[in-house]
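Please look at the sequence and the 3D structure below, and then follow one strand and a few charged pairs through the paragraphs after them.

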Amino acid sequence: MKIGIIKERIAPPDRRVVFTPEKLVLLTQKYPSISVKIEKSEVRFYLDHEYEQLGFEVTDDLTDCDVLFGVKEIPVEYLIPNKKYFFFSHTIKKQPHNQPLLQAIIDKRIDLYDYETVTDAHGKRLIGFGRYAGLVGAYNAFRLFGLKYELFKLAKAENMHDKDVMIQRLKNQFLPPIKIVVTGKGRVGSGVKELLKSVKIKEVSIADFLTKKYDCPVFVQIESTDYFKRTDGSIAEKSDLYKNWNAYTSDFDKYSKVADILITGHFHPHDAPPILTREMLLDAKCSLKVVADISCDADGSIACTLRPSTIAEPFYGYHPKENKEVEIFHPSSVGVMAVNNLPCEISKDASEGFSDMLMEHVIPAFFNNDKDGILERAQITKNGALMPRFKYLSDYITES
């Protein structure tokens, strides 16, 4: 089995890689029948010569590889027909901008496997960069807060070697007694919590967060049943919530009236009601100063997220009364961070973690006859056609 590691070609450049040089050594030691080729890249965090020094071939030609691994979408003109590909295709939600990509994959008879569809038998995702998005998103929340209120200046995470340096920089800052509310307890929320705990911010209960004052920074982590309520006044239950969104409305205003910073790590289905509404932001009692929207759902769950931002320009201000973007120092603005590719800022850590996930969950499936159905569930296309699980995409493309 010959694996090819693809050069990332999207803009802005993505420095992550699915396998680090050291992880590839471990991979080939565990599976001696695997050989690896690395496509030359000038943007990758790990330089070409770091792979060459460990004995891997670096080349411009991957046409003899059996399986090609990348991170993000591949430009149509670089797709090699009749190959197996793994990458984040961003097509399974019928994203309009990637319709030509999926059509080309069909036309070129490519077998597409998407990391987003790598799940266990219960549908739980096994592969992702969520933890790293949470770590950087939380760091950027403080970076924005310090900048907006001229308390301190933190360097960009992308200019640091790894997450440990990032965390140490934040530890060195004095933080006022602010209240931070974190939505979501999945991978992203866990990454946020990891950073907050690393800098010794105290976690408190919901009841204490809503009622008590503190002389140190504190945070609370909440999930959907904590910020949605049934319109009929009965108790919200998660099993009911995800089936009957029309019976629920947001109850987040109790948090927006006491929190200084909101950091989002939630999953928000398209049919769910908004979480933080414009009405909440307009409320005279709203105390939110910074919203770090890691979920980055523009015109979705968080009203002040008007657009995604970028690593180069990560912050903007939101004016609740005018419902428009303003500069972050505007006295009536809420500071917004809505970068949609946060893990790229700590490419080293993100790449190492992703390598581990692939080695644990994906690579074994090629050698154990896919006994757990990992590859079967993850495969979107085969030989120019959609797999049965993804036939719902038929109206998104025109199958050849």
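Two strands are said to pair if DSSP finds at least two bridges between them, and the strands themselves (E, at least two residues), like the helices (H or I, at least four residues), are DSSP runs numbered from the N terminus. This is a predicted model, in which local features need pLDDT of at least 70 and side-chain atom pairs count only at pLDDT 80 or more, while totals for chains, interfaces and linings use all residues. Residues are numbered from 1 along each chain as its sequence is written, and side-chain values use heavy atoms, with hydrogens and water left out.

Strand E13 (residues 290–293) runs parallel to E16 in a pairing of three bridges, and within it Ala292 has Met337 of E16 as its bridge partner. Strand E14 (residues 315–319) pairs with E16 in the antiparallel sense over four bridges, where Tyr318 is matched with Val334.

In a regular strand the side chains alternate between the two faces of the sheet. In strand E16 (residues 334–337), Val334 and Val336 on one side and Gly335 and Met337 on the other are all buried, where buried means under 20% relative accessible area, exposed over 50%, and partly exposed in between (1.4 Å probe, protein chains only).

The structure also holds 27 salt bridges, each a side-chain nitrogen of Lys or Arg within 4 Å of a carboxyl oxygen of Asp or Glu. One of them joins Glu158 and Lys156 at 3.9 Å, N to O; Glu158 is partly exposed because its relative accessibility is 33%, whereas Lys156, at 18%, counts as buried.
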